[in-house]
Amino acid sequence: MIRINEITDVVSSYIDDPDLDLIQRAYIFSARAHEGQMRLSGEPYLAHPLSVAKLLADMRLDEPTVAAGLLHDTVEDTDTSIDEIADLFGEEVADIVDGVTKISMMDFESKAIAKAENIRKMILAMAEDIRVLMVKLADRLHNMRTLGFQKSYKQLLIAQETMDIYSPLANRLGLYMVKRDLEDLCLFYLKPDVYQDITDGLERQHTIGKEYVDNVIGLLTGILEDNQIEGTIYGRTKHKYSIHKKMQRQGLSLDQVHDIIAFRVIVDSVKDCYSVLGLVHSMWKPVSGKFKDYISIPKANMYQSLHTTVVGPEGERIEIQIRTEEMQQVSEYGVAAHWQYKESGRSDAKTNRDAERFSWLRQIMDWQRELEDPREFMASLRFDLFNDEVYVFTPAGEIKELPDGATPVDFAYSIHTEVGNHCTGAKVNGRMVPLNSVLKNGDTIEVFTDKKRKPSRDWLKFVKTAKARTRIKHYIRTEERTRSIILAKELLEKEGRRMNINVAKAMKDGYFVMLADEFNFGHVDDLLSNIGYSRITPRKVLGRLHAVMNEIEGVEEEIPKQEQHQHETEEDKAKGAAASSIDIEGVDNVLIRFAGCCTPLPGEPIIGYISRGRGVVIHSATCPNIKNLEEERLLNVSWTGGQEESQHPAQIRIRCRNSKGLLAKICAVLTEMDVNIDSGTFKSDLDGSSVLEFTVEVTDLGHLHRSLNKVKTIENVLEATRLS
C-alpha cells in the first residue's frame, strides 16, 4: 500500500513551500473515516484514496486536489458530510469532493439513464472546476487497475463505460498517461484474446527491434551533435490499444505494423524543433501526407509537437516526434501542466488563453441543456470526444476547430444555428463543393444560405459535430411530430374499424388521457407521436383501450375465439428462448431477434432496436452498425438470468499453419470445451497457412473466450479470435 510520505515527497518536488499539513490532515481523516472498510481485493479501503492521491500528485496537481483525492469517497461511503469537509479543509477542497460525489450519488430508473445522467453531472461539475474531473479520472484509473477482483459481467460494463467516456475525456484534457493506461486496461477486459495476441507479438519483436532502435537513436544523436543542437532522444513502444486500432483501421496483422516504435526528440526551443525537422527530412525521405504541425496549430487539449513519418534505415517507416521540454510536460500531464490554482480554483481566475483551450467544454454545456433524453446526450458526447480535430478558417481569417471528418454543414452550424438550418452550398478554398465534402486542415470555407432551405434528414448521415446533429434532429422532430400524430390517428382509426372501436369518440370522451397515463406519457400527443414513430403498436393501445372501456362500463371483456387464438400465437412467439434471456425496459411481449452482424453474447453490453415488422433486434453495444440506425428507435435492454442454459451463435476465425491432423485437434478441443460447431469455411494460402472460420454455439462471452484461449494452446495455431 502507498504511504503518505511518498505522496508528500512528490508534491514537494514541484511546488515551492507546499501546504503539506493540509494533505497530512486529509490522510488522517480519511484513515479514520474508512477504518474497518475493505476492498474486494482484501486490502484496507484506505489503499484506494491513497492510490488516487498519488496519481494526482504524479499529475503535478495542487495541494487541495491531492487532499480531495484522499477524501473523495468519505461523503459517499461514510457518515461524513460535505459541511464537515468544508469546516475542516476549506471550501475549495469541499467543492471538489462534492463535485466528485455528485457524479454517482443520484438514483435513476434504469442503469443506462443513470449512467448518462451521471455523465451530465460530471460535465456540469467540471465546467465549474476542472479538478473535479481530474480526481474522477484518477479514481477510475485505480479502479480499472484493480478491476480483476470484480465479477466478470461488471468488468465488461465498467470497461466499456471507461472506453466510451473516461478515456476520451482524458484525451481531451491531454492526459496521455491516463488515456494510455485506461485504453490498454479496457482492451484487456473487452478483448482479452486481442490483448494477449498483441502482447505476445511485442515480446517476440522486442529482441529483434532493440538493435534497430539503438541504430536510429545513434543516427539522430549524430545529427544533433553535428549541428550543435542540445537535445534528448529516445524510442518508445506505442501502447497496445493504439496498435490494435491501427491494425483494425488498415486491416493489418501485427507483423505488418512497421511503426510500432515512435522516436521522440526533445530540444530546447521551438526554433530547434523546426531545425531538427529539416535535418531529419534531409537525411531520410518523408512519407507524403504524414507530416503534422501541432506547434503552430496546437490540439484543443494544448498538445504541441511536430510529427513526421520517414523512410528510415533498411527501408522501414519510422515516426519521429519533435518537441520542447515544456511541450513534453504538456503531452504527459495535459491540462495539469497549465491549469493554475494558486490564486483561486474558480473560472474567473482562468486566463483568456486557458478559456479558449476549453471552448469545447463550453460547447458541450450549450447543447447538453437541449437534450432531454440522456441516451441521446451520450451519443452526442461520443461524437465530440472521440474525434481528432481539424482547423479551418472563415473568409475573415477566424480559426474554427472541428472534429476530423467534419463537413461544410458542421462548419455552418459552428457559425450559427440559423446559418446551418438554411445552408444551401459552400465554397472551400474558392471552389464550390458538395455539402458532404470532408474538410481538411487549413481550408477556408464560405457558406451560402437561403431562407427557404430547411435541414435534411440526409445531413445526419455525414455531419460529425454534436451541435449540428442536435440542431438538425431538433428541427426534424418539430416538423415530424405533427406528421407522426396525424399518422397515428389514421393508424388507430384503421385498426379501430377492425376491432369495432370508435377511436374518435374514445378520444372525445377522454379515454386517451387515461391511456397516456397508463403508458407513462405526460400528454395524449406524446402517446400518439410514439404510435406514429412505431414505438408502440396501434393494436397494443387499442387492446388496452378496449379493456379500460369495459372496466369503466362494467362489461366483461370477451375476445372472439379466433382472435384469442391469434393473441396466443403472438404471445408464444414473444416468449421464445430469446425473449426469456432479454429484459427490455418498459416493453413486454414483443418478438426478439438477435442481429446477425454482431451476434451478441450474454455478458457483453447490448442495445435494442425497434425494427419495422420484425420486433426488437438485439445488437452488441459496440456494433459499428448502431451509428447508422435511427436513435429514436433504440431501447435500453439487458441480459437476464435466463440465458445460462441456452446456446448462442458466435463467429470465430482461426489462423494456423497447414499441418496434418490440425483440424481434428481443433474440433476435439472445441468439443472438450462444450462448444458446438454449426458451420465453417476453410481457406489455404500459398505461404502454407490456413484460415478457418466457424459459426459456433456458446453459452456466453466468457465461455467463448475460455474456448479460444484453449484453442491457442494447440501447436501450429497462430491466432484464434472472435469475428464481429
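Asp 197 is buried, with a relative accessible area of 18%. In this predicted model, the side chain of Asp 197 meets that of Lys 712 in a salt bridge, at 3.8 Å from N to O. Asp 197 belongs to helix α12 and Lys 712 to helix α29 (residues 701-712), so this pair ties together parts that are 515 residues apart in sequence.

Helix α12 (residues 192-226) also holds Leu 202. With 17% relative accessibility, Leu 202 counts as buried. Its C-alpha lies 8.6 Å from that of Leu 254, although Leu 202 and Leu 254 are 52 residues apart in sequence.

## Salt bridges

Side chains of opposite charge can pair when their charged atoms come close. Across the model, the count comes to 18 salt bridges. Here are three of them, for you to find in the structure.

| Pair | Closest N to O distance |
|---|---|
| Glu 183 and Lys 179 | 3.3 Å |
| Asp 197 and Lys 712 | 3.8 Å |
| Lys 461 and Asp 458 | 3.7 Å |

How far apart do Glu 183 and Lys 179 lie in helix α11? They are four residues apart, about one turn of that helix, which covers residues 176-190. Glu 183 is buried, with a relative accessible area of 8%. Lys 179 counts as buried too, at 15% relative accessibility.

The bridge between Lys 461 and Asp 458 has another setting. Lys 461 is exposed, with a relative accessible area of 72%, and Asp 458 is partly exposed at 45%. Elsewhere, Asp 62, Glu 92 and Arg 131 are joined into one network by salt bridges that share partners.

## Charged patches on the surface

Which residues form the positive surface patch? Lys 191, Lys 245, Arg 249, Lys 290, Lys 292 and Arg 317 make it up. Arg 249 sits in helix α13 and is exposed, with a relative accessible area of 60%.

Helix α13 (residues 240-250) has a buried side to its story as well: Lys 240, Tyr 241, Ile 243, His 244, Lys 246 and Met 247 are buried there. Just after α13 comes Gly 251, with a positive phi near 65°.

A negative surface patch is formed by Asp 83, Glu 84, Asp 87 and Glu 91. Helix α6 (residues 82-89) gives the most to this patch, with three residues. Asp 87 has its place in helix α6. Is Asp 87 buried or exposed? At 68% relative accessibility, Asp 87 counts as exposed, since the cut-off for that word is over 50%.

## Strands and sheets

An open sheet is formed by four strands, in the order β13-β15-β14-β16, with mixed pairing. At its edges are β13 (592-594) and β16 (634-635), each of which pairs on one side only. Within this sheet, strand β14 (residues 606-610) and strand β15 (residues 616-620) pair in the antiparallel sense over five bridges. If you would like a spot to start from, look at Ile 610, whose bridge partner in β15 is Val 616.

Another antiparallel pair involves strand β18 (residues 648-657), which is joined to β21 by six bridges. Here Ile 654 stands opposite Ala 720 in β21. Why is strand β21 described as largely enclosed by the rest of the structure? Five of the seven residues of β21 (residues 717-723) are buried, so the strand is largely enclosed.

## A buried alanine

Helix α21 (residues 466-499) contains Ala 468. This alanine is buried, with a relative accessible area of 0%. Ala 468 and Val 409 are 59 residues apart in sequence, while their C-alpha atoms are 7.4 Å apart in space.

Technical notes
Residues numbered from 1 in each chain as written. Predicted model: local features only at pLDDT ≥ 70, side-chain atom pairs only at ≥ 80, totals over all residues. Heavy atoms only, no water. Pairing = 2+ DSSP bridges. Helix = DSSP H or I, 4+ residues; strand = E, 2+ residues; numbered from the N terminus. Buried < 20%, exposed > 50% of the residue type's maximum accessible area, 1.4 Å probe, protein only. Patch = residues over 30% accessible without salt bridge, like charges linked within 9 Å, V, L, I, M, F, W, Y side chains within 5 Å. Areas by Shrake-Rupley, 256 points an atom, 1.4 Å probe, with all protein chains shown as cover. Salt bridge = Lys/Arg side-chain N within 4 Å of Asp/Glu carboxyl O. Lys, Arg positive; Asp, Glu negative; His and termini not counted. Charge placed at Lys NZ, Arg CZ, Asp CG, Glu CD.
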